[in-house]
Each structure stands twice: as structure tokens, then as C-alpha cells.
Amino acid sequence: MRSVLATLLISAAIGAPSQAHQIETALGYLEGELELKSEFSNGKPATGAVIRLLNDDGSPGPELGRTDTNGLLRLDLSDVKDGRHELQVDGGPGHRDYLEIPVSSGRVRIDEVVQGPFIMAMVGLLVSVRRRRI
């Protein structure tokens with residue numbers, strides 16, 4: 001029974017983004033600037049998505065820019081203080097991506113970026129269900 005429930009929860013986690021057209025964001029560096037490429041799970045670019053850093057309390061912070069018609073935005077983060085920051089890609093209600101980005105000397109350490117909170121919530125739900133069933 002536990003394995004069936006775990007399979008259903010994992011299937012829901014994998015299937016939910018495609019049904020809800022979640023935004024998925026890839027990061028890279030191009031000529032010293034952070035490049036974001038955001039698209040919906042169906043492959044269409046997230047045109048006009050607002051990119052912002054969130055404040056420490058989770059409220060919306062300053063807008064850094066908007067994606068172009070190809071879902072691309074290049075950012076200069078040289079003014080961002082060192083530390084871990086929450087980056088939000090906002091494509092409208094129900095269409096958001098969140099990335100925890102570690103910044104050091106104005107550059108994101110891409111190999112340490114954490115995507116959330118959707119996946120983390122599903123993992124937490126799975127752990128919670130398993131604890132109750134045992």
C-alpha cells in the first residue's frame with residue numbers, strides 16, 4: 001500500500017507541472033551576465049515574465065527585468081550583495097518559478113542553485129504521508 005501511495009504522489013508531482021503549465025527556468029552565463037531562459041512546461045517561452053528578487057520576508061522585491069519574446073533575460077548582478085537570495089520568475093497567477101541563488105562577488109554559483117518550492121513541497125508531503133502510515 002505504501003509503495004502505491006508513494007507512486008501516486010510522485011506521479012502527481014511529475015504530472016502537475018505539465019497540466020498547470022508551470023514555468024521552468026534555465027540559467028547560464030553569457031559574456032559575464034546571468035542569462036535566464038524561462039518557458040512553460042509545454043515548451044512555449046514565458047514572454048513578459050517579471051524577474052525579481054524576493055525580500056527576506058518573502059514579499060516581492062525589486063523588479064530586475066522582464067523576459068523577451070523568446071523567454072530570455074540577461075542580468076547584471078554586480079550590485080547584489082553576497083549570500084543566498086530567492087529569485088522569482090512571475091509569469092502571472094499560477095505561473096511562477098522560484099530559484100534560490102547563491103551570489104558571490106556579483107556572480108551566481110550556478111552549480112549550487114536550488115529550485116523550489118513545488119518539488120520541495122511534494123517531497124515534504126511524501127515524507128509526511130509515510131510517517132502517518134507507519
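**View 1. Strands S6 and S7 pair in the antiparallel sense.** In this predicted model, 8 bridges link S6 to strand S7, residues 96-104. Asp90 of S6 stands opposite Arg96 in S7. The hairpin of S6 and S7 has 5 residues between the strands. Gly92 in this hairpin takes a positive phi near 110 degrees.

**View 2. Strand S3 joins S6 on antiparallel terms.** S3 covers residues 50-54, and S6 covers residues 83-90. The two strands share 4 bridges. Leu53 stands opposite Leu87 in S6. S6 therefore pairs with S3 and also with S7, since two strands pair if at least two bridges are found between them.

**View 3. Asp90 makes side-chain polar contacts with Arg52 and Arg96.** Which strand holds Asp90? Asp90 lies in S6, while Arg52 is found in S3. The side chains of Arg52 and Asp90 make a polar contact of 3.4 Å. A second polar contact, of 3.3 Å, joins the side chains of Asp90 and Arg96. Beyond residues up to four places away in sequence, Asp90 also touches Ala49, Val50 and His95, among others.

**View 4. Arg52 and Asp90: buried or exposed?** Arg52 has a relative accessible area of 15%. Asp90 has a relative accessible area of 13%. Both count as buried because the cut-off is under 20%. Leaving aside neighbours within four places in sequence, Arg52 is in contact with a run of residues that includes Pro60, Gly61, Pro62, Glu63 and Leu64. From S6, the contacts of Arg52 include Glu86, Leu87, Gln88 and Asp90.

**View 5. The largest nonpolar core has 18 residues.** Which residues have the most contacts inside this core? They are Leu36, Ile51, Leu75, Leu87 and Ile101. The elements that give two or more residues to the core are strand S2 (33-40), S3, strand S5 (72-75), S6 and S7. In soluble globular proteins, nonpolar side chains tend to be buried together.

**View 6. Leu87 touches residues of the core and beyond.** Not counting residues up to four places away in sequence, Leu87 touches Leu36, Ile51 and Ile101. These three are, like Leu87, among the residues with the most contacts inside the core. Leu87 also touches Leu53, the residue that stands opposite Leu87 across the pairing of S3 and S6. Further contacts of Leu87 include Arg52, Leu64, Asp97, Tyr98 and Leu99.

Notes
Residues are numbered from 1 along each chain as its sequence is written. This is a predicted model: local features need pLDDT of at least 70, side-chain atom pairs count only at pLDDT 80 or more; totals for chains, interfaces and linings use all residues. Side-chain values use heavy atoms; hydrogens and water are left out. Buried means under 20% relative accessible area, exposed over 50%, partly exposed in between (1.4 Å probe, protein chains only). A polar contact is a pair of N or O atoms within 3.5 Å; within protein, one must be able to donate a hydrogen and the other to accept it, and residues adjacent in sequence count only if both atoms are side-chain atoms. Contact means heavy atoms within 4.5 Å. A nonpolar core is a set of buried Ala, Val, Leu, Ile, Met, Phe, Trp, Tyr and Cys residues joined through side-chain atoms within 4.5 Å.
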